Each structure stands twice: as structure tokens, then as C-alpha cells.
Amino acid sequence: KHVLCEKPVGMNATEVEGMIGLARDKGLFFMEGMWTRCFPVIRKCREVLRSGELGAVRQVSGDFGFVGPEDANNRLRLLSSGGGGLLDIGVYLVGHAVLAYGTAQPQVAAVGRLSQGGVDENAVVGLKYPSGSAALTYGIDGHYANEAKIICEKGYIAFGCPQHSPTNARVIRAISRTETTTQVVEEPLPVYPYHQGHCGGRRACFPNSEGFVYEVREVERCLAAGLKECPEYTWEESLAV
């Protein structure tokens with residue numbers, strides 16, 4: 001069957017390579033559910049980056065975190081279940097770096113804190129690419145701003161909170177060192193009427209969960225078009241993250 005699997009689709013690149021290989025051999029659609037990439041705001045900002053009008057990307061910065069559960073048996077606290085901050089929320093920040101720099105493998109350095117159970121409670125991750133770098137902070141131990149920026153030669157893009165499911169962003173274009181213009185990119189969440197058999201109007205589990213419909217629509221579009229991978233988040237990008 002065709003597969004859309006919530007991120008992280010695997011614990012490591014080897015596992016993901018095996019899944020992609022199986023999908024390719026069977027001629028089936030396969031996508032890691034990085035719903036961020038399907039948000040209209042992200043798509044519009046990606047178009048700005050691809051246009052080259054902001055010049056080369058020089059730095060990506062961002063943070064994401066919340067106070068996680070203390071229960072030692074919760075999945076976030078279990079190393080055997082892929083617990084910790086990186087696989088749960090840090091991947092969104094790495095995804096922004098891949099959005100900005102592409103799938104080239106960077107040099108990686110990190111510092112952080114492990115729990116008594118061995119999972120990463122927080123970390124600052126540094127990525128070095130040929131043309132720039134990324135500084136990414138995440139944690140399941142505190143209240144974070146949940147914002148992100150992509151800084152370029154001729155301006156920058158700032159994603160509002162929550163940066164992994166944004167309804168707004170600012171595209172700042174530099175005229176000179178002290179003069180800039182600001183373009184606000186906004187797209188409100190979809191609103192659905194409440195009725196039996198429909199999830200609309202019910203309480204969402206996470207902030208901006210209504211935006212999952214963007215991912216659903218994109219997968220439907222890909223299947224209707226006979227695609228085997230989603231152009232908004234390719235197999236190569238899954239492997240890079």
C-alpha cells in the first residue's frame with residue numbers, strides 16, 4: 001500500500017533507506033509526514049528562497065521546545081522508543097536547514113543534556129555547510145520561543161510561532177545596511193464546520209493541528225498524479241534530515 005508515515009519515519013538513515021528502497025521496488029508512494037512543508041506559508045517562503053532574490057543563505061537559526069512529561073515510561077523518556085528531543089521536535093529545525101541549504105551533508109557539532117534514562121532533554125546543534133551555518137536549539141525541559149530565521153545576503157525570512165506550523169512569516173529585503181522593506185506572508189488555518197464524522201471543530205492535540213489538512217491534500221494530489229514521492233518533501237530530504 002501507499003504510505004504516509006508520521007515523522008520521524010525511522011531511527012536512522014539506514015532504516016529510512018530500506019523503506020525508500022522497498023517503496024521504489026514496489027512502485028508505491030512513500031512520504032515521511034513532515035507536515036511543515038505543506039503549509040502555505042512555508043511554500044511561499046520556499047519560492048522566495050528559490051528565486052535567489054535574497055542571495056545566498058548564510059545562517060539558519062531557530063528553537064523549539066516545551067515542558068515534556070516526567071513519567072519515565074512516556075515515549076519521550078524511553079531511549080528504546082526513540083525518545084528525547086531531537087527525533088520528536090529537533091527534526092523540524094533540521095528540516096529548516098535542509099529547506100535553506102539543500103541536502104548536502106554538513107559538519108555537525110552539538111552540546112546538550114541527557115536524562116537519567118539517556119535521552120536528550122535539550123541541545124544546541126551547530127551545522128556547517130559550504131556557504132553558511134545553522135544554530136538550532138531544542139528541548140523538552142522548558143518554554144521556548146518556537147521561532148526560526150533564514151538569514152541571507154540580501155535579507156532574511158522570519159517564521160512566526162510556532163515555526164513548524166506557521167500561519168505567518170516576514171520576508172525582510174535589505175535596501176541598504178539600515179533600510180529594509182517588509183513583506184508579511186499570512187495564511188490563516190482552515191476552519192471546518194462541526195458535524196458527525198468530521199474532525200472539524202473538535203479540540204486539536206497540538207498547536208495548529210488543523211494544518212494537517214494541507215499534508216492530506218498534498219498526498220491526495222500526489223496520488224492522483226501518479227507520483228511516488230512528494231516534491232514538497234522528497235526522499236532525499238528525508239535522508240538528509
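The bend at a residue is the angle between axes fitted to the seven residues ending there and the seven starting there. We're working on a predicted model, where local features need pLDDT of at least 70, side-chain atom pairs count only at pLDDT 80 or more, and totals for chains, interfaces and linings use all residues. Numbering starts from 1 along each chain as its sequence is written, and side-chain values use heavy atoms, leaving out hydrogens and water.

**Exercise 1.** Work out which strands stand at the edges of the sheet.

*Solution.* Start with the order: β4-β5-β6-β3-β7-β8-β9-β10, an open sheet of eight strands with mixed pairing. (Strands are DSSP runs of E, at least two residues, and helices are runs of H or I, at least four, numbered from the N terminus; two strands pair if DSSP finds at least two bridges between them.) Next, β4 (107-114) and β10 (180-186) each have a single partner strand, so one side of each lacks a neighbour in the sheet.

**Exercise 2.** Describe how β3 is joined to β6.

*Solution.* Strands β3 (residues 57-65) and β6 (residues 133-139) run parallel, with seven bridges joining them. For one pairing, take G65: its bridge partner in β6 is G139.

**Exercise 3.** Check the span of α3, then find its bend and how buried it is.

*Solution.* First, the expected span is 1.5 Å times one less than the number of residues. For the 17 residues of α3 that gives 24 Å, and the end C-alpha atoms are 23 Å apart, which agrees. Then look at V91, where α3 bends by about 45°. Finally, 15 of the 17 residues of α3 are buried (under 20% relative accessible area, 1.4 Å probe, protein chains only), so α3 is largely enclosed by the rest of the structure.

Definitions and conventions: Buried means under 20% relative accessible area, exposed over 50%, partly exposed in between (1.4 Å probe, protein chains only).
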